[in-house]
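Student: Please take a close look at one part of this structure with me. Start out on the surface if you like, then stay with one element and go through it slowly.

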Amino acid sequence: EEGLKRVTRQSLASFLQGPDRLAWKEIPSTYFLGLNDGEVPREQLLRQASRCTNLVQVPTNHFCHIDRPDLVAERIVEIVEELETGRTLQPAMA
């Protein structure tokens, strides 16, 4: 109920205009690719991943964060540490 007080009308213009900036071009990002993904064609996954700074391949299904949360969490921590120390992100195979 409290959250509903923040709901407001949205201008139609927001659906008709393009963004001023694209975060994926300016902010480091990581794509987790499940090597055993049987849901989405590999070519499509790699196309999506190509816009990211870093590609992490994990031996999981499509839902790597559910299948192997330990691997995902471990790599996220490593990436944050790399960013904080200024080291270049290295592609990794979990």
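Tutor: Leu12, Phe15 and Leu16 make up a nonpolar patch on the surface, and together they have about 400 Å² of accessible area. Keep in mind that this is a predicted model. Leu16 sits in helix 1, residues 13-16, and it's exposed, with a relative accessible area of 68%.

Now for the part to stay with, helix 5. It runs over residues 69-85, so 17 residues, and spans 24 Å from first C-alpha to last, close to the 24 Å expected at 1.5 Å a residue. Which of its residues are buried? They're Leu71, Val72, Arg75, Ile79 and Glu82. These sit on the same side of helix 5, because the arc they cover around the axis is only 95°. Go to the face turned away from that buried side and you find the exposed residues Glu84 and Thr85. Right after the helix comes Gly86, with a positive phi near 80°.

Look again at that buried list, since Arg75 and Glu82 are both on it. Arg75 has 5% relative accessibility, so it falls under the 20% cut-off for buried. Glu82 is buried too, with a relative accessible area of 10%. What do their side chains do? They meet in a salt bridge, 3.4 Å from N to O. In general, side chains of opposite charge can pair when their charged atoms come close.

Arg75 has another partner as well: its side chain meets that of Glu78 in a salt bridge, at 3.0 Å from N to O. Arg75 and Glu78 are 3 residues apart in helix 5, so about one helical turn separates them. Glu78 counts as partly exposed, at 32% relative accessibility. Put these pairs together and you have Arg75, Glu78 and Glu82 linked in a network of salt bridges.

How many salt bridges turn up in the whole structure? The search finds 4. One of them joins the side chains of Arg68 and Asp70, at 2.8 Å from N to O. Arg68 is partly exposed, with a relative accessible area of 30%, and Asp70 is partly exposed as well, at 43%. Compare that with Arg75 back in helix 5, which counts as buried.

Notes. Residues are numbered from 1 along each chain as its sequence is written. This is a predicted model: local features need pLDDT of at least 70, side-chain atom pairs count only at pLDDT 80 or more; totals for chains, interfaces and linings use all residues. Side-chain values use heavy atoms; hydrogens and water are left out. Helices (H or I, at least four residues) and strands (E, at least two) are DSSP runs, numbered from the N terminus. Buried means under 20% relative accessible area, exposed over 50%, partly exposed in between (1.4 Å probe, protein chains only). The arc is that of the directions from the helix axis to the C-beta atoms. Patches are made of residues with over 30% relative accessible area and no salt bridge: like charges are joined within 9 Å, nonpolar side chains (Val, Leu, Ile, Met, Phe, Trp, Tyr) within 5 Å. Accessible areas come from the Shrake-Rupley method with a 1.4 Å probe; for residues, only the protein chains shown count as cover.
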